[in-house]
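Please open the structure in your viewer and keep the selection tool at hand, since this tour moves from one selection to the next and says what is there at each stop.

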Amino acid sequence: MKRILSIQSHVVFGCAGNSAAVFPMRRLGMEVWPINTVQFSNHTQYEAGWQGMAMPAGHIGALCKGLMEIEVLGQCDAVLSGYLGSAEQGDEILAVVAAVKAANPEAIYFCDPVMGHPEKGCIVAPGVTRFLTEQALPVADIMAPNLLELETLCDTHLADLSQTRAAAHRLLAKGVKMVLVKHLGRAASQPGRFEMLLATAEGDYLIARPLYEFARQPVGVGDLISALMLANLQAGFDAVAAFERTNAAVDAVLLCTWQADAYELQLIAAQADFAEPRVEHRAERLA
């Protein structure tokens, strides 16, 4: 059994951060150790707002110290980080990553560089973007930005697939071993479908799934993608198979959510597809 330390946000109601990631990873057979960077009543894109708080400085480090004291940190196979409540939490996360890798040199760090999207209501604390660009990037084994986050990481505008591939390879050149661009958006090769890009030293792969017309776009899809990709890799699937399985499972969740006319991701209804996804869309290796 693989063990994943998942450090990201938590919402009491709905599916975002750990609330979107922990259950799917457990359904894939992972033992997940969640640490919450914030605890909110709901995600930040509700018009009525939200209540809650970021965890105080030292909270993440203290929990890691507790794991060290009971001598389980060496059992951790991967660290997953997502939404940060403050830039200072980033420093604590990197200290956790260093401690985990010292205890288990085979462990990996999967960084989902959540930078926010003010137009959509996704807000991050000051300094988080700089931390991700300057400090997390050199340490991460795998990064999973969306298109806007990849633009920020590379400080460049991306208009098409070719430019996006080049940007992903800039991250690979900095030491990242795998880059998953979770949503190509305007850089997609074909309009009208949801496309993702996987870039590795061995090659680049493109995959697509249908786009569903939602009255309000569900939140937490990126968190779900990162969690499923990491869990599939930890389950022993190669990068391409993990990519295809992740795409299929996310499609199943979005289809259930669309059919239910729901705003929150329907993880429970689609849970069978986490462990046994129906892969209908194959990854295309790009020349």
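A crossing of two helices is called right-handed if the near helix is turned clockwise from the far one by less than a right angle, and left-handed if anticlockwise. The model on display is predicted, and the tour begins with a pair of helices to which that definition applies.

**First stop: helix 3 and helix 4**

Select residues 87–103, which form helix 3, together with residues 128–136, which form helix 4; the two pack with their axes 8 Å apart and at an angle of about 25°. Because angles under 35 degrees count as roughly parallel, helix 3 and helix 4 are described as roughly parallel to each other. Their crossing is right-handed. To display the contact itself, show A87, G90, D91 and L94 on helix 3, and V128, F131, Q135 and A136 on helix 4.

Now step back along the chain to S86, which sits in the loop between strand 4 (78–81) and helix 3. Is S86 buried or exposed? With a relative accessible area of 17%, S86 is buried, since anything under 20% counts as such. Leaving out residues up to four places away in sequence, S86 touches A125 and V128, and V128 is also one of the helix 4 residues in the contact with helix 3.

**Second stop: a set of annotated positions**

Select S9, T44, Q45 and D223, where UniProt, in an unreviewed entry, places the feature "binding site". Start with S9, which belongs to strand 1 (residues 3–11) and counts as buried at 8% relative accessibility. When residues up to four places away in sequence are set aside, the residues that S9 touches are A16, G17, N18, S19, N36, T37, V38 and Y83.

Move next to D223, which lies in helix 7 (residues 221–234) and is likewise buried, its relative accessible area being 14%. Beyond residues up to four places away in sequence, D223 touches Q8, A16, G17, A20, A21, D112 and V114; of these, A16 and G17 are also among the residues touched by S9. Which atom of G17 should be picked for a distance to the side chain of D223? Pick the backbone nitrogen of G17, which lies 2.8 Å from a polar atom of that side chain.

**Third stop: a second set of annotated positions**

Follow the contact from D223 to D112, and then add A144, E149 and K182, so that the selection holds the positions that the unreviewed UniProt entry covers with another "binding site" annotation. Although these positions are spread over 71 residues of sequence, they cluster in space, with a largest C-alpha distance of 10.0 Å.

D112 is placed in the loop between strand 5 (108–111) and helix 4, and its relative accessible area of 1% makes it buried. Apart from neighbours within four places in sequence, D112 is in contact with S81, G82, A144, K182, G222, D223 and S226, a list that includes two further positions of the annotation, A144 and K182.

E149, by contrast, is found in helix 5, and at 6% relative accessibility it counts as buried. Setting aside residues up to four places away in sequence, E149 touches P113, V114, M115, A144 and K182, so that A144 and K182 appear among the contacts of both E149 and D112.

**Last stop: helix 5 and helix 6**

Extend the selection from E149 to helix 5 (residues 147–154), where L148 is also found. L148 is partly exposed, with a relative accessible area of 37%. If you draw a distance from the C-alpha atom of L148 to that of V221, 73 residues apart along the chain, the separation is 15 Å.

Finally, add helix 6 (residues 161–173), whose axis comes within 10 Å of the axis of helix 5 and crosses it at roughly 55°. Helix 5 and helix 6 are therefore oblique to each other, and helix 5 passes helix 6 in a left-handed crossing. On the helix 5 side the contact is made by L147, L150, L153 and C154, and on the helix 6 side by T164, A167, A168, R170 and L171.

Conventions:
Residues are numbered from 1 along each chain as its sequence is written. This is a predicted model: local features need pLDDT of at least 70, side-chain atom pairs count only at pLDDT 80 or more; totals for chains, interfaces and linings use all residues. Side-chain values use heavy atoms; hydrogens and water are left out. UniProt positions are given in the numbering used here, feature names are shortened, and annotations may be inferred rather than shown by experiment. Buried means under 20% relative accessible area, exposed over 50%, partly exposed in between (1.4 Å probe, protein chains only). Contact means heavy atoms within 4.5 Å. A polar contact is a pair of N or O atoms within 3.5 Å; within protein, one must be able to donate a hydrogen and the other to accept it, and residues adjacent in sequence count only if both atoms are side-chain atoms. Axes are lines fitted to C-alpha atoms, for helices over the stretch in contact, and angles run from 0 to 180 degrees between N-to-C directions. Angles under 35 degrees count as roughly parallel, over 145 as roughly antiparallel, 65 to 115 as roughly perpendicular and the rest as oblique.
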